[in-house]
Amino acid sequence: MAFDYFLYKGVKFSPGSYSEELLNSVENEFQVLDDDVYIVTYPKSGTNWLIEILSLIKKDADPNWVNSVVIWLRSPWIETKEGQQQIKDVSRPRVLTSHLPFHIFPKSFFTSKAKIIYVMRNPKDIFVSLFFFAKIICHYKDPESFEQYLEDFLQGNILYNSWFDHVKGWMQMKDNSNFFIVTYEELHQDLRGCITRICKFIGKELDDAKIDLIAKHSSFEVMKENKMSNYSLGTKEFIDHTKGSFMRKGMAGDWKNHFTVAQSEHFDRVYQEKMKDLNVKFFWEGK
Ligand code: A3P
């Protein structure tokens with residue numbers, strides 16, 4: 001797409017779905033409710049996987065809702081023009097979504113009892129997922145090449161800026177009782193266990209049979225076939241279906257199929273430099 005990103009408090013946004021006025025109002029005026037749950041992520045970390053899981057939890061494992069209402073209406077993005085319209089129809093307790101960095105998240109959250117689930121993923125896999133996603137999603141600039149886009153990613157020269165800053169910002173919340181971290185890789189390794197922990201965090205009691213059903217309906221295979229969840233119903237103003245699909249591979253470690261050794265080493269060097277002051281270690285470091 002041919003457009004220029006604009007900056008809101010140092011963060012890059014695209015003009016189609018975002019505006020300075022809206023971002024200012026989301027930061028300063030949006031009313032967070034005490035029973036809200038926010039899925040907060042850097043793009044491509046597993047956001048929609050969490051939306052599916054939380055949609056199923058909200059409906060006590062009944063798949064009717066996820067099979068009949070498109071995913072972006074179940075948990076709209078709070079910072080987009082479309083999302084702000086869609087939020088009006090969301091029933092309580094609301095599950096809402098955001099990619100906003102910590103420093104421009106709605107101020108009212110910080111005096112509320114609302115909860116955040118922060119989803120993280122190996123940034124090399126995020127990059128690969130984003131590289132393919134940016135080609136099909138209209139509010140991203142088209143990547144010139146893998147090599148160039150990798151540099152843009154490492155320097156934060158893309159929509160929502162850098163993964164490093166996103167993570168470092170949100171890690172300030174890591175010891176708060178209303179902040180829960182789950183990784184894409186944990187979801188892969190033990191989906192049932194993650195669903196159980198998420199239920200505990202949001203105060204929902206579901207029996208084993210219901211947890212099993214949620215795991216089944218939020219699996220990659222089922223979501224990929226669910227037209228309400230796989231973005232096949234996205235309009236052509238939003239997604240170019242001829243260039244790829246949203247439910248791409250759904251695996252952990254796909255970066256190994258795309259990075260050269262030199263690119264991986266370069267990534268690791270930048271990672272170490274940018275993350276050196278953060279006293280948190282993630283399982284993907286050194287792998
Ligand atoms: P890939 O592009 O690596 O396949 P987000 O929702 O944050 O945009 O993240 C999208 C990524 O999550 C995509 O990764 C997508 O395939 C993957 N994904 C979505 N639902 C998933 C599921 N149920 N299980 C595993 N991966 C899933």
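A residue is taken as near the ligand if one of its heavy atoms lies within 4 Å of it. This is a predicted model, and with that cut-off 19 residues sit around the ligand, with T47, S129, Y184, K249 and G250 coming nearest.

**Around the ligand**

Let's start with the polar pairs. Each row below pairs an oxygen atom of the ligand with a polar protein atom.

| Residue | Protein atom | Distance to a ligand oxygen |
|---|---|---|
| S129 | polar side-chain atom | 2.6 Å |
| G250 | polar backbone atom | 2.7 Å |
| K44 | N or O atom in the side chain | 2.9 Å |

How much of the ligand does the protein bury? Taken alone the ligand exposes 570 Å², and 98% of that is buried by the protein. As for who builds the shell, the elements giving two or more residues are helix 2 (47–58), helix 9 (184–189) and helix 12 (220–225). Helix 2 is the top contributor here, giving three residues.

**Helix 13**

Next up is helix 13, which covers residues 261–275. With 15 residues at 1.5 Å each, you'd expect a span of 21 Å, and the end C-alpha atoms are indeed 21 Å apart, so the two agree. Which residues of helix 13 are buried? They are Q263, S264, F267, V270, Y271 and M275. These residues cover an arc of only 130 degrees around the axis, so they sit on the same side of helix 13. The spacing pattern has a simple background: an α-helix has 3.6 residues a turn, so residues three or four places apart point the same way. Flip to the other side of helix 13 and you find V261, A262, R269 and Q272, which are exposed. The buried residues, for their part, pack against helix 6 (123–136), helix 7 (146–155) and helix 8 (163–170).

**Helix 10**

Helix 10 gets the same length check. Its twelve residues (191–202) should span 16 Å at 1.5 Å a residue, and the end C-alpha atoms are 17 Å apart, which agrees. The buried residues in helix 10 are L191, G193, C194, I195, I198, C199 and F201. What covers them? The cover includes helix 2, strand 5 (115–120), strand 6 (179–183), helix 9 and helix 11 (208–217). Helix 2 and helix 9 should ring a bell, as both also give residues to the shell around the ligand. Just after helix 10 comes G203, with a positive phi of about 75 degrees.

**Two residues to click on**

E221 is found in helix 12. Is E221 buried or exposed? Its relative accessibility is 55%, and since exposed means over 50%, E221 counts as exposed. Along the chain, E221 and M247 are 26 residues apart, while their C-alpha atoms are separated by 9.3 Å.

H241 lies in the loop between helix 12 and helix 13. At 38% relative accessibility, H241 falls between the 20% and 50% cut-offs, so it counts as partly exposed. Setting aside neighbours within four places in sequence, H241 is in contact with Y231, S232 and G234. With G234 there is also a polar pair: a polar atom of the H241 side chain lies 2.9 Å from the backbone oxygen of G234. Finally, the C-alpha atoms of H241 and I137 are 9.0 Å apart, with their positions 104 residues apart along the chain.

Key. Residues are numbered from 1 along each chain as its sequence is written. This is a predicted model: local features need pLDDT of at least 70, side-chain atom pairs count only at pLDDT 80 or more; totals for chains, interfaces and linings use all residues. Side-chain values use heavy atoms; hydrogens and water are left out. Helices (H or I, at least four residues) and strands (E, at least two) are DSSP runs, numbered from the N terminus. The expected span of a helix is 1.5 Å times one less than its number of residues. Buried means under 20% relative accessible area, exposed over 50%, partly exposed in between (1.4 Å probe, protein chains only). The arc is that of the directions from the helix axis to the C-beta atoms. Contact means heavy atoms within 4.5 Å. A polar contact is a pair of N or O atoms within 3.5 Å; within protein, one must be able to donate a hydrogen and the other to accept it, and residues adjacent in sequence count only if both atoms are side-chain atoms. Accessible areas come from the Shrake-Rupley method with a 1.4 Å probe; for residues, only the protein chains shown count as cover.
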